[in-house]
Structure formats: C-alpha cells, structure tokens
Amino acid sequence: MKKIIAFNWKMNPQSLGEAKKLFNSYLLLYSSSKKEIIVCPPFIYLYELKDLKTKNLKLGSQDVFWENSGAFTGEISPKMLKNLGAEYVIIGHSERRQNLNETDEMINKKILAALKTGLKIILCVGENLKTRKQGKKAVENFIKSQLQKDLKNLPLNSLLSKTTSRKGLSYILNSRLIIAYEPIWAIGTGNSDSPKDAIEIIKLIKKTLNSIFYILNPRVLYGGSVDSKNIKNFLQCMQCNEIDGFLIGSASLQPKEIKNIIKL
Ligand code: PGA
C-alpha cells in the first residue's frame, strides 16, 4: 500500500495568491510521487484549490463541526466541506485540543458526523511532555484512553451491511479512518520522536484499534517535526513498514522541503 503524506498548512498563507503559488509546488511534483499526497489548507482556500488540483492529489480540511446546519456561528459543517472539495478532515489536532480546549467528547462528535457525511478522517492523538517523562506505561494508557473516547460509538453496525464480514468492516474503516500519532512535544519544535519510540506507540495504536474496534491493518501516520532530512530515518529503520505515512506541518510551507519529501 502507498505511504500517505498529509501536509497541514495550519493558518498559512495569508492570501489566496500565495496559497495558489504554494499549491503549485505540489502540483509540479505530484505526478512523479509514489506516495498518496493529501494537502490540508485553511478552509477558505479549498474551493479555489479544488479547481487547480489533479485527480489523484487529495484535499483535506483542518477541522469540522459536528452539525450539518443551524445556529453555530463561525463553524463549518461536514457537508460544506464535502461541497468545497475536501475528501479528508484532520480531527483532534493537539493545537486545537490545547488552544481551544477541544475535548475528546467534542472530537468524538466531529468524527461521527464526518463519517456519516462520507469524509475520511485523520484523527490526531499524542501525549504531552509530562506524560512522556512518566514512562512508556503512562504514554500507552494516555493514548489508549484518547482512542477509546475519540472513537466511541463508531457506527459499526451501519458500516457493516448484512453481507459484509468483519474483514469487510475493517476494510471500510481502514479507508475512512487514519490515525496520526503526534507527540505534542515534537510538534513544531524541530525535535522529532525517534523512529524506535514512535514505532512502539504506532504498534500499540494498531493493537488497540484491532482489539476494540475490529480494525485490521489500520493506517497510522507519524507527525511531529518531520522534514526532508529526518524522514529518511523513519523510512529506513527496522520495522519502518509499521509507519504508514506522515503528517507534516512546518515543512509543508517550504517549496524545497515539499520537493524533497514528495520525490522520496
Ligand atoms: P510540524 O507539525 O511538522 O510543524 O511539527 C506537525 C503537525 O502539527 O501536524
């Protein structure tokens, strides 16, 4: 299966002109890539970028609300995102959890609503530095609890039609739900996790998804200060095939970095 590289532009750039120019860096390189590329710009640029993109380049948004319409000032619905051309949505990014007090309960509602509308989800989980310092068991408990709360009440029955087997259900969920393991202390710090430690947690995430949600072979990305240099360590280590791709922030704004990452 192709590795996924999701590029998260966060609250950048500041004008549509710049967004189009940046997007062009992806378009110029994309056809030569062996990876599945997802670009996640701010909402406001999605529609214009949709018209520029080639068929195989995917667009995602960075958040979504859990209702499809109504009196929710400032929010954006799953349906609006679909109509704007988004195929994926990042949910539960740690910057939203921390800066906007987004809770697991809110994240769970967003996931259920987005799944219902047919959007594909990139769910971010990851521990802070304090938890990491408490050791492996603390990190494991933290991530497990996030997954259990965020994925509560997944609509297994509605996804599983009478004719599909558990394997079929796993297949459906796999293509709709990606997890990004993003240790908070590694995001935007230039201080990425070691491949060895990241793989340990990624394996735990896969085991949890398998045992609780019957998801076989789920796809789990690593995110946190990934750039064109250190990405090679994550691609060439022992058990690196456990990492199904990357969620990339800062480097997603730099044409040279984009080029070096996409052509890998
Ligand atoms: P970073 O961001 O690559 O700048 O660390 C990753 C993310 O926030 O998704």
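A search of the whole structure, a predicted model, finds one cavity of 30 Å³ or more, a cavity being a set of points, on a 1 Å grid over the protein atoms alone, where a 1.4 Å probe fits but cannot get out. In this model, local features need pLDDT of at least 70 and side-chain atom pairs count only at pLDDT 80 or more, whereas totals for chains, interfaces and linings use all residues. Residues are numbered from 1 along each chain as its sequence is written, and side-chain values use heavy atoms, with hydrogens and water left out.

The largest cavity has a volume of about 40 Å³, taken as the space filled by probe spheres set on grid points that are joined across faces, edges and corners. Its lining (residues with an atom within 4 Å of a point) consists of Gly92, Ser94, Arg97, Cys124, Val125, Gly126, Gln146, Glu182 and Ile184. Helix H4 and strand S5 (120–125) each supply at least two of these residues, helices being DSSP runs (H or I) of at least four residues and strands runs (E) of at least two, numbered from the N terminus. By class, this lining has three nonpolar, four polar and two charged residues, where Ala, Val, Leu, Ile, Met, Phe, Trp, Tyr, Cys and Pro count as nonpolar, Asp, Glu, Lys and Arg as charged, and the others, Gly among them, as polar.

Glu182, one of the residues lining the cavity, also approaches the ligand, with an N or O atom of its side chain 2.8 Å from a ligand oxygen atom. A ligand oxygen atom likewise lies 2.8 Å from a backbone N or O atom of Gly249, and a polar side-chain atom of Ser250 is placed 2.5 Å from an oxygen atom of the ligand. On its own the ligand has 280 Å² of accessible area, of which the protein covers 99%, as computed by the Shrake-Rupley method with a 1.4 Å probe. The residues of the surrounding shell (a heavy atom within 4 Å of the ligand) divide into four nonpolar, seven polar and two charged, and of these 13 residues Lys10, His93, Gly188, Ser225 and Ser250 come nearest.

The largest pocket, an open set of points with protein on both sides within 12 Å along at least five of seven lines, holds about 440 Å³ of space. Among the 19 residues of its lining, Lys10, Met11, Pro42, Gln62 and Arg96 are the closest to the centre. Helix H4 (residues 94–99) contributes the largest share of this lining, three residues.

Key: A polar contact is a pair of N or O atoms within 3.5 Å; within protein, one must be able to donate a hydrogen and the other to accept it, and residues adjacent in sequence count only if both atoms are side-chain atoms.
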